[in-house]
Amino acid sequence: MDQKRLLAAIAISIGILLTFDLLNRPAREAQRAQQAAEQQAQVQQPAPAPGPVGPLGAPTDASPAAGAPRVPGARIPVDGPRMQGTLSLRGARLDDVVLKDYHETVDRSSPLVRLLAPREGAAPYYGQWGWTAADGRTPVPGNDTDWTADGEALAPGKPVTLRWDNGQGQVFEIGLSLDENYMLTADQRVKNTGADAAQLLPWARIRREYTPPTQGFYILHEGFVGVLDGRLREETYANAKSEGAKRGGVAFEQEAAGGWAGFTDKYWLTALAPVDQAARFRATYRAIPEAGQDRWQVDFAQPAPSTVAPGTTGAGQALRLFTGAKEVRLLDSYRDRLGIPDFDKAIDFGWFYFLTKPFFYAIDWIFTLVGNFGVAILIFTLALKAAFFPLASKAYKSMGKMKVLGPKMSEIKERYKDDPAKAQAEMMALYRTEKINPASGCLPILIQIPVFFALYKVLFVTIEMRHAPFFGWIRDLSAPDPTNLFNLFGLLPFDPTELSHYLHMPVWALIMGVTMFLQQKLNPAPPDPIQAKLFQYMPIIFTFMLASFPAGLVIYWSWNNLLSIAQQWYIQRSATVSKSNSAAVAAALPAAAKPKKG
């Protein structure tokens with residue numbers, strides 16, 4: 001029974017790893033092509049002209065006439081400490097943003113990461129503010145409306161107000177301000193100087209007029225994301241398209257008090273959030289086919305139009321637009337300081353959220369002390385080992401006793417080979433006599449599984465680990481080790497993975513396999529020959545499975561194995577010294593003090 005339990009624990013861990021490997025392997029094969037497609041999509045190319053704003057409460061664009069050009073309008077610079085770009089005065093769109101702190105590759109001379117792009121390009125992605133006329137007669141600004149600005153540039157401490165006069169007594173205004181990071185606040189309002197009341201519905205939207213290349217990893221969500229009424233609402237592009245086809249383009253819609261919603265990529269987020277989190281808004285995820293292409297949109301609007309009486313100002317709403325990197329501490333600060341609920345859940349920490357986020361904070365704190373995330377992971381692993389030392393000590397002591405009892409266990413199996421029930425009963429009696437818990441050997445493996453996946457999440461989804469170097473050839477802990485045994489670690493000028501993804505065997509995966517083999521030698525061999533053979537192949541299996549995992553994770557596993565080896569050696573040595581001391585004490589006793597035989 002003991003070997004069956006241990007084998008089951010090993011089989012479960014291997015099964016989980018194999019599942020993740022199989023699910024993620026297609027994405028790894030296509031990753032280079034996706035990155036190339038994403039960069040190509042950012043190249044500025046002519047695109048069709050925008051259509052008018054759609055019906056009440058549904059700010060969408062109709063299909064443009066074929067061949068109609070889009071004419072760029074005037075722009076004002078947007079310049080913050082961590083982002084830069086321009087805002088289009090035609091259509092009141094924030095549609096040009098690059099992030100100053102992030103490059104496309106580990107090469108610091110590579111281009112900055114572009115997050116938002118104009119409608120005139122091949123990959124339009126932007127935030128926009130506008131109104132819909134509920135009364136059907138008040139002229140409202142549209143996609144081709146040219147606004148005026150009362151400032152030369154939008155920057156922290158330098159707000160800008162956009163204005164447009166419809167010529168019939170209504171002046172539309174959008175007051176914009178930018179903080180020190182990635183948050184822009186827009187205050188929409190309408191001044192009615194006309195003779196009649198106007199019924200207007202203000203809205204704001206984030207629109208993605210192309211389908212972005214995604215990482216394709218099963219454990220990573222990319223697409224629509226938001227928290228509404230305290231619940232995380234996620235929709236992939238595929239699901240949104242399916243739902244939108246059934247409901248006239250509406251993939252998801254909910255009226256809620258406050259909340260936030262937008263689009264998430266692996267490391268980047270664009271999201272809207274009401275300034276007044278107590279006010280009720282209608283949030284909508286839309287998947288809209290236009291001109292033969294899929295368009296994606298998240299919009300916030302008031303549940304009902306506002307009436308602006310003559311001589312008053314109204315029909316307004318204040319919304320925040322976040323467009324930047326999903327940094328854990330930054331999202332936490334917005335959650336706490338601005339009251340945006342669960343804003344940190346834009347980062348896909350997954351099922352092990354209760355472990356993943358504390359693990360990140362612990363590693364990040366150590367990083368502030370040592371200045372290297374790889375070293376921080378090593379120190380954190382050492383701390384985990386120390387915390388679980390009492391439990392592991394009992395497990396390793398039990399495994400050591402089982403190793404000593406190996407010959408007796410084999411003898412029992414041989415004696416009762418024709419009576420398995422009797423053999424099992426004798427084995428259990430032996431365990432009771434020697435005070436051994438056969439299941440205790442499984443504990444280190446079972447404990448390591450959630451820790452492994454929590455660390456996997458930290459390395460995979462947190463932008464802080466992106467492009468974080470270790471030492472030597474490891475320049476990015478979130479990417480696989482680039483070395484490869486099959487081209488003699490770069491001595492042969494070709495890439496074996498172009499022939500097969502299985503032909504990738506980096507240095508750190510080999511180190512991990514060796515340490516796993518050495519650790520296995522310290523454990524008692526299973527009495528069953530089939531199980532013993534399986535255990536012999538485990539280091540090889542794990543070496544190939546982890547070869548394409550993030551380098552930081554493989555380094556963690558290797559270091560964890562080395563610590564386990566040291567721990568087992570120490571425990572076994574302590575047990576040997578204890579036995580030697582007991583024997584020496586017994587030998588030193590006078591003859592009268594020694595127990596008499598018979």
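A strand here is a DSSP run of E, at least two residues long, numbered from the N terminus. I start with that term because the cavity I want to show is described by its strands.

This is a predicted model. The mean pLDDT of the protein chain is 83, with 79% of its residues at 70 or more. Two stretches should be named before we go on. Over residues 26-56 the pLDDT stays under 50, and the model has 65 contacts for them beyond four places in sequence. Residues 62-68 are also below 50, and that stretch has 10 contacts in the model beyond near neighbours in sequence.

Now the cavities. The count comes to two of 30 Å³ or more. I will take the second largest, which has a volume of about 40 Å³. Its lining is made of 10 residues, and Gln128, Trp129, Gly130, Pro141 and Gly142 are the ones nearest its centre. Which strand gives the most to this lining? That is β5, residues 125-133, with three residues. By class, the lining of the second largest cavity splits into five nonpolar and five polar residues, with no charged ones.

Next, a helix pair. Two packed helices are described by the distance between their axes and by the angle between them. For α3, residues 328-338, and α4, residues 353-370, the axes come within 11 Å and cross at roughly 115°. On the α3 side the contact is made by Val328, Arg329, Asp332 and Arg335. On the α4 side, Lys357, Phe360, Tyr361, Asp364 and Trp365 take part. How do the residues of this contact divide by class? There are four nonpolar, five charged and no polar residues in the contact of α3 with α4.

Last, backbone angles. Two residues have a positive phi without being glycine; I take them in sequence order. Alanine 291 has a phi near 55°. Where is alanine 291 found? It sits in the loop between β16, residues 280-290, and β17, residues 293-301.

Phenylalanine 489 has a positive phi of about 55°. Its place is in the loop between α9, residues 443-461, and α10, residues 507-522. Is phenylalanine 489 buried, partly exposed or exposed? Its relative accessible area is 40%. Buried means under 20% and exposed means over 50%, so phenylalanine 489 counts as partly exposed.

That is the end of my part.

Terms used. Residues numbered from 1 in each chain as written. Predicted model: local features only at pLDDT ≥ 70, side-chain atom pairs only at ≥ 80, totals over all residues. Heavy atoms only, no water. 1 Å grid on protein atoms, 1.4 Å probe; cavity = no way out; pocket = protein on both sides within 12 Å on 5 of 7 lines; lining within 4 Å. Points joined across faces, edges and corners; volume = space filled by probe spheres on them. Helix = DSSP H or I, 4+ residues; strand = E, 2+ residues; numbered from the N terminus. Nonpolar A, V, L, I, M, F, W, Y, C, P; charged D, E, K, R; others polar. Axes fitted to C-alpha atoms, helices over the stretch in contact; angles between N-to-C directions. Contact = heavy atoms within 4.5 Å. Buried < 20%, exposed > 50% of the residue type's maximum accessible area, 1.4 Å probe, protein only. pLDDT = per-residue confidence, 0-100.
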